[in-house]
Amino acid sequence: QSFSIIYSCISMSGRSVRLKSVPVQSLSELERARLQEVAFYQLQQDCDLGCQITIPKDGQKRKKSLRKKLDSLGKERNRDKEFIPQAFGMPLSQVIANDRAYKLKQDSQREEQKDVSDFVAFLLPFGTKKQNKELSSSNSSLSSTSETPNESTSPNTPEPAPRARRRGAMSVDSITDLDDNQSRLLEALQLSLPAEAQSKKEKARDKKLSLNPIYRQVPRLVDSCCQHLEKHGLQTVGIFRVGSSKKRVRQLREEFDRGIDVVLDEEHSIHDVAALLKEFLRDMPDPLLTRELYTPFINTLLLEPDEQLSTLQLLIYLLPPCNCDTLHRLLQFLATVAGHAEDTTDKDGQEITGNKMTSLNLATIFGPNLLHKQKSTDKEFSVQSSARAEESTAIIAVVQKMIENYEALFMVSPDLQNEVLISLLETDPDVVDYLLRRKASQSS
């Protein structure tokens, strides 16, 4: 019945679309927000996790204990006042906003430099002409210079960029079938960016969700570390286990915190970069899998094996987009590392030593950083050490399952997409029609 609703909607446009599994990152911002609601409903109705489930809030502030407040106050007093940290120990959404602000600043500086160089190149011919004409006579020089701007600037002045070429512009050719009165839909067609400092006009549009895929929300530090280790460290035995240089790691940490455009290359130690990545995840005020979902993630182990994966997938859909995208990048990297754990032989028969880091070993190292709940008093933890050991085992098992099945976990099935479209059909039929036509064009 649900599929018939969607197909009747498609027939309104005269098209037939067969939905197929797609990566969650390919969905529009609006679809991902509705997917979160659909996943929440299915978890409550179909999954018996034996605990309360809540949708995590993006970048929410946590209450600090008195000890943490005193520690942070002491750090602020001793900290170099030249900069405010840009990466470590702050909400993930803020880290991504800082990265984007820095990139926009860099792009602006490049544009300014380009404009200056273009302007200088534009003026050079006039300087040459002026020198040549000064050699002939002053009168002719005066007359020629007065005419030069009108005659020579017009052909050299760049034409205004056509709409399709302007940066940030969007062609509406793909939605020409929409009615003119659907201006709200047109206004919503904008690149969706991570949360950052917004003007008053932008704040007024906060409640409008884009029909485009969300800007990929992975911290620059995480992506840089993963790329470096994928390029240089896959054959490093005991990667993430071998010690690093605290001094060099502290220097790298400070450079990222200052917003410097750090370029990691072969000169940087594999173990230093590995330690930096672990520190970033460890110091996040809210773990990547969020404290709200700690118990639900752990309780997936109570389900039947065939239900565990689908439930993990629904819980991942509850995560804020920045957590979801960063988790995907990290699991992709960890799966690549695990894929090089065993010794292999190359085409010439030479043995290639594996890094010995299986998915279990990696889950043991990263699990406590990705999934944990707020710690209580030291006394409570000393009393419940056996219970903590059981929880630690459960955390490792959950993260190991994620590493081994990361590709499937981030694919959205046709059934789930269908539920999302039906949900949107009740409130925004014009939007559903547009999304379906886009899916049809993509599949063709």
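This is a short talk about one helix and two residues in the structure above.

Hi everyone! Please keep in mind that we are looking at a predicted model.

Let's start with helix 10, which covers residues 270–283. At 1.5 Å a residue, its 14 residues should span 20 Å, and the C-alpha atoms at its two ends are indeed 20 Å apart, so the expectation and the model agree. Just ahead of the helix sits its cap: Ser 269 places a side-chain oxygen 3.2 Å from the backbone nitrogen of His 271, at the N-terminal end.

Is helix 10 largely enclosed or not? Count the buried residues: 11 of the 14 are buried, so the rest of the structure largely encloses this helix. Among them are His 271, Asp 272 and Glu 279, along with Leu 276, Leu 277 and Phe 280.

Helix 10 also has a partner, helix 14, which is made of residues 359–370. The two axes come within 8 Å and cross at roughly 30 degrees. Angles under 35 degrees count as roughly parallel, so that is what we call this pair. On the helix 10 side, the contact uses Leu 277, Lys 278, Leu 281 and Arg 282, and helix 14 brings Ile 365, Phe 366, Asn 369 and Leu 370.

Now the core. The largest nonpolar core has 93 residues, and Phe 240, Phe 280, Phe 297 and Phe 366 touch the most other members. Take Phe 297: its contacts farther along the sequence include Leu 312, Leu 315 and Val 398.

Finally, meet Thr 300, in the loop between helix 11 and helix 12. Is Thr 300 buried or exposed? It is buried, with a relative accessible area of 2%. Thr 300 touches Leu 312, Leu 315 and Val 398 too, and its other contacts include Leu 49 and Gln 308.

Thanks for listening!

Note on methods:
Residues are numbered from 1 along each chain as its sequence is written. This is a predicted model: local features need pLDDT of at least 70, side-chain atom pairs count only at pLDDT 80 or more; totals for chains, interfaces and linings use all residues. Side-chain values use heavy atoms; hydrogens and water are left out. A nonpolar core is a set of buried Ala, Val, Leu, Ile, Met, Phe, Trp, Tyr and Cys residues joined through side-chain atoms within 4.5 Å. Buried means under 20% relative accessible area, exposed over 50%, partly exposed in between (1.4 Å probe, protein chains only). Contact means heavy atoms within 4.5 Å. Helices (H or I, at least four residues) and strands (E, at least two) are DSSP runs, numbered from the N terminus. The expected span of a helix is 1.5 Å times one less than its number of residues. A polar contact is a pair of N or O atoms within 3.5 Å; within protein, one must be able to donate a hydrogen and the other to accept it, and residues adjacent in sequence count only if both atoms are side-chain atoms. Axes are lines fitted to C-alpha atoms, for helices over the stretch in contact, and angles run from 0 to 180 degrees between N-to-C directions. Angles under 35 degrees count as roughly parallel, over 145 as roughly antiparallel, 65 to 115 as roughly perpendicular and the rest as oblique. Lists of a residue's contacts leave out its neighbours within four places in sequence.
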